[in-house]
Amino acid sequence: MTLAKLAREIHQAVTERRWTRDKPVRLNFRREETASCSKKVIIAAFNKSADLPTGQQVAVELLPEQPGEYEFACPMGMFRGRLIVE
Ligand SMILES: [Cu+2]
């Protein structure tokens, strides 16, 4: 399986799009493949991580204190995404 295909199969959706200070932003992750690389997501800027069982939705709540771009990735940094707070 190619990396591009794997990346396409990992879906991530932001359910709360509007950010208000002091209100957590919830990211819902759903892992749709079984590569061991993607079994965990790390959001370094918030010191958070979550295990991602295949086929299960996992919500992670973050509380951004200021606008910016916050990366999340697998432990090896191969799958990446970005939360943009404006
Ligand atoms: Cu990885």
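The exercises below work through a predicted model of one chain, each with a solution in steps.

Residues are numbered from 1 along each chain as its sequence is written. Because the model is predicted, local features need pLDDT of at least 70 and side-chain atom pairs count only at pLDDT 80 or more, while totals for chains, interfaces and linings use all residues.

**Exercise 1. State how many helices and strands the chain has, and in which order they come.**

Step 1. Helices (H or I, at least four residues) and strands (E, at least two) are taken as DSSP runs and numbered from the N terminus.
Step 2. Counted in this way, the chain has 1 helix and 7 strands.
Step 3. Read from the N terminus on, the order of the elements is α-β-β-β-β-β-β-β.

**Exercise 2. Describe how S3 and S4 are joined, and find the residue in the turn that has a positive phi.**

Step 1. Two strands are said to pair if DSSP finds at least two bridges between them.
Step 2. S3 and S4 run antiparallel and are joined by 4 bridges, and in one of the pairings Val41 has Ala50 in S4 as its bridge partner.
Step 3. The two strands form a hairpin with 4 residues between them, and the turn holds Asn47, whose phi is positive at about 60°, although Asn47 is not a glycine.
Step 4. Asn47 lies in the loop between strand S3 (40–43) and strand S4 (48–51). A residue is buried if 20 or more other C-beta atoms, placed from the backbone, lie within 10 Å of its own, exposed if 12 or fewer, and partly exposed in between; Asn47 counts as exposed because it has 7 such neighbours inside 10 Å.

**Exercise 3. Work out how strands S6 and S7 pair, and name bridge partners of Glu71 and Phe72.**

Step 1. Strand S6 (residues 68–73) pairs with strand S7 (residues 80–85) in the antiparallel sense, over 6 bridges.
Step 2. The partner of Glu71 in S7 is Arg82, and the partner of Phe72 in S7 is Gly81.
Step 3. This hairpin has 6 residues between its strands, and within the hairpin Gly77 takes a positive phi near 80°.

**Exercise 4. Decide whether Gln57 and Arg30 are buried, partly exposed or exposed, and find what Gln57 touches.**

Step 1. Gln57 lies in strand S5 (residues 57–62) and is exposed, because 12 other C-beta atoms lie within 10 Å.
Step 2. Arg30 belongs to strand S2 (residues 25–31) and is partly exposed, because 15 other C-beta atoms lie within 10 Å.
Step 3. Two residues are in contact if their C-beta atoms, placed from the backbone, lie within 7 Å. Leaving aside neighbours within four places in sequence, Gln57 is in contact with Asn28 and Arg30.
Step 4. From C-alpha to C-alpha, Gln57 and Asn28 are 6.3 Å apart in space although 29 residues apart in sequence.

**Exercise 5. List the residues of the largest nonpolar core, and follow one of them, Cys74, to its contacts.**

Step 1. A nonpolar core is a set of buried Ala, Val, Leu, Ile, Met, Phe, Trp, Tyr and Cys residues joined through C-beta atoms within 7 Å.
Step 2. The largest one has 8 residues: Val25, Leu27, Val41, Leu52, Phe72, Cys74, Phe79 and Leu83.
Step 3. Beyond its neighbours within four places in sequence, Cys74 is in contact with Cys37, Ser38, Lys40, Val41 and Phe79.
Step 4. Over the whole chain of 86 residues, 13% count as buried.
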